[in-house]
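Notebook open, coffee poured. I wanted to go through this one by strands and rings and jot down what I found.

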Amino acid sequence: MRSFAIAAALSLWIGTVGAQPLRMKGRLNAGRPRAVHPTSAAGTHFLLQFHRYPDASVRAELTRRGMRVLEYVPDNGLLVSGSAIELRGLELASWGPVQAADKLSPLLDGLLGGAFLVEFYSDADMVRASAAVVALGFDVLENASLLPQQLVVAGSLARLEALAQLDEVKYILPATPELAAGQVMVGCAGALTEAGAIGDYVLVGRGWPKDASGSVDLKYFFLSLSDRVDPNLARSEIERALREWTRYAKVTLSPGMQASAERSIDILFGRGKHGDAYPFDGPGGILAHTFYPAPPNPEPVAGDMHLDAEESWHVGSAVDLYSVALHEAGHALGLGHSDQPGAVMYPYYKTATGLTSDDIAAIQALYGGAGNPTTPPPAPPPTPTPNPPTTPPSGRDTVAPTITILAPGSTIVSTTSSSIVFSGTAADNVGVVAVRWVASTGGSGTASGTTAWSATILLLSGTNVVTIRAYDAAGNSAWRAVTVVRR
């Protein structure tokens, strides 16, 4: 058989006329003046779209041809990697390299700079990827709680074009102030399908099919509950999370009478290998995962929510069961991750009291509004969920610097000025090498001085959360944050 290698000269998608477009977030704003050239001559990541759902036999054939299937891309697409791929006979609707524009969140438009969450493909070498990010002029902001294959970086928006051109980069979106400040947070690996995970760079889907009356009536069934929380309380918290979504969308969720029924969400707490292809990793890792509705998932796994029984579940603190269940229920109803920092469906969990306007708009786009619209409660500031501390390598300097902000003299400041001067001191047992700042509204930089430092920071109208971090030579850091409201 003839081998077709995808050449670097390919800058447009090749496909049959009439193929449905893949559901990519970066294509929401196709009019942006962004480069859409292939990533590089050595690129190895490609999108293949089929005329029909790529089932297990199709994926096995791709593996036989030397391709690695990384993720599912709605509708009927697969993200694959391989240095040379053979395509003849695959009945493809379209195929081509992953474009730089597909890797940039639409929410990056209008930002001047700031902190960004950069996601890399699962087969990327993160040592090389980190070096490439630094070579492009970005600062890597340390956060030990990031998911594998992710970095938080600070820099200007203009440089993101070049960053998106790197073959290893999958998606770039705004980082929350908590991630930029190094606070401990817990990430969600995303919605799952029988064909693989769904990446944050795609719009996940169309939700559960409506019945003949135009309604979406679903059941839920508890297969097992946590032994870390009173069973009745655990059931109540998860049901409360399910009801929160039905307050705003034309969806009903009611208790089911049996497991594995069609149009039913089975809920279980499992340990390690628990019956699917995604085993849990024990305390301090992945908290939960959820299967996307049917299609593309087959029944009975469609919509099922699995939570790691070995996590330290609580109600109202630490690993908060309601907050995690609220996020996972969004996946069970057909939502992917939101790029909006602070949203319940952002890729990192936050302690939540309810849905934000971003979450409500997303669920109503799938199912329409509920009959009795309810005003959403104001979203509280994101609160990180703590992970167990990690043990540093023996012999390494692990003493973090100390940092003090002398001016402004309060953690909440109100001003009418377009800029503000920050100053303070920093100290370390070995020595402070840099003091850097990041603003939640865009912008970042390095302060003048180290042990005594200062920086003039531009402000946008509204709330600006400014995080100042001091670094030592071993990469340890400490931070302080000030909220500045420009009237």
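**Charges over rings**

I began with Arg-240, which lies over the face of Tyr-322, at 3.6 Å from the ring centre. Note to self: this is a predicted model. I then looked up Arg-436, and its charged end sits over the ring of Tyr-471, 5.0 Å from the centre.

**The five-stranded sheet**

Next I traced an open sheet of five strands. I wrote down its order as β20-β26-β25-β22-β23, and the pairing is mixed. Which strands stand at the edges? They are β20 (412-415) and β23 (444-446); each has a single partner strand, so one side of each is left without a neighbour in the sheet. I also checked the twist: ignoring direction, neighbouring strands here are turned by 20° against each other on average.

Inside that sheet I followed β22 (residues 432-439) and β25 (residues 462-472), which run antiparallel and are joined by seven bridges. For a register mark I noted Ala-439, which stands opposite Val-466 in β25.

**β4 and its partners**

Then I turned to β4. Is this strand buried or exposed? Five of the five residues of β4 (residues 77-81) are buried, so the strand is largely enclosed by the rest of the structure. A reminder I scribbled in the margin: side chains in a regular strand alternate between the two faces of the sheet. I therefore listed the faces of β4 separately, in line with that alternation. One side has Gly-77, Leu-79 and Ser-81, the other has Leu-78 and Val-80, and all are buried, which leaves both faces covered.

I looked up the neighbours too. Strand β2 (residues 45-50) runs antiparallel to β4, with five bridges between them. In that pairing Phe-46 stands opposite Val-80. Strand β3 (residues 68-73) also pairs with β4 in the antiparallel sense, over five bridges, and there Glu-71 stands opposite Leu-79. β3 and β4 form a hairpin, with three residues between them. I checked the turn as well: Asn-76 has a positive phi of about 65°.

**A parallel pair**

For a parallel case I picked β12 (residues 217-222) and β13 (residues 252-255), joined by four bridges. The bridge partner of Lys-219 is Ser-254 in β13. How does the chain cross from β12 to β13? It goes through helix α5 (residues 231-246), and I have this β-α-β crossover down as right-handed.

**Aromatic pairs**

Last job: rings. The count of aromatic pairs comes to four. I looked at Tyr-220 and Phe-222, whose ring centres are 5.9 Å apart with the planes at 85°, so I logged the pair as edge-to-face. Tyr-220 counts as buried at 8% relative accessibility, and Phe-222 does so at 11%.

The other pair I wrote up is Phe-269 with Trp-313, also edge-to-face, at 6.0 Å centre to centre and 90° between the planes. Why does this pair tie together separate parts of the chain? Phe-269 lies in β14 (residues 264-270) and Trp-313 in β17 (residues 313-314), so the parts it links are 44 residues apart in sequence. I checked burial here too: Phe-269 is buried, with a relative accessible area of 8%, and Trp-313 is buried, with 2%.

Key:
Residues are numbered from 1 along each chain as its sequence is written. This is a predicted model: local features need pLDDT of at least 70, side-chain atom pairs count only at pLDDT 80 or more; totals for chains, interfaces and linings use all residues. Side-chain values use heavy atoms; hydrogens and water are left out. Two strands pair if DSSP finds at least two bridges between them. Helices (H or I, at least four residues) and strands (E, at least two) are DSSP runs, numbered from the N terminus. Axes are lines fitted to C-alpha atoms, for helices over the stretch in contact, and angles run from 0 to 180 degrees between N-to-C directions. A crossover is right-handed if, with the strands pointing away from the viewer, the path from the first strand over the helix to the second runs clockwise. Buried means under 20% relative accessible area, exposed over 50%, partly exposed in between (1.4 Å probe, protein chains only). Rings of Phe, Tyr and Trp (its six-membered ring) pair if their centres lie within 6.5 Å; planes under 30 degrees apart count as stacked, over 60 as edge-to-face and the rest as tilted. A charge sits over a ring if NZ of Lys or CZ of Arg is within 6 Å of the ring centre and within 35 degrees of the ring normal.
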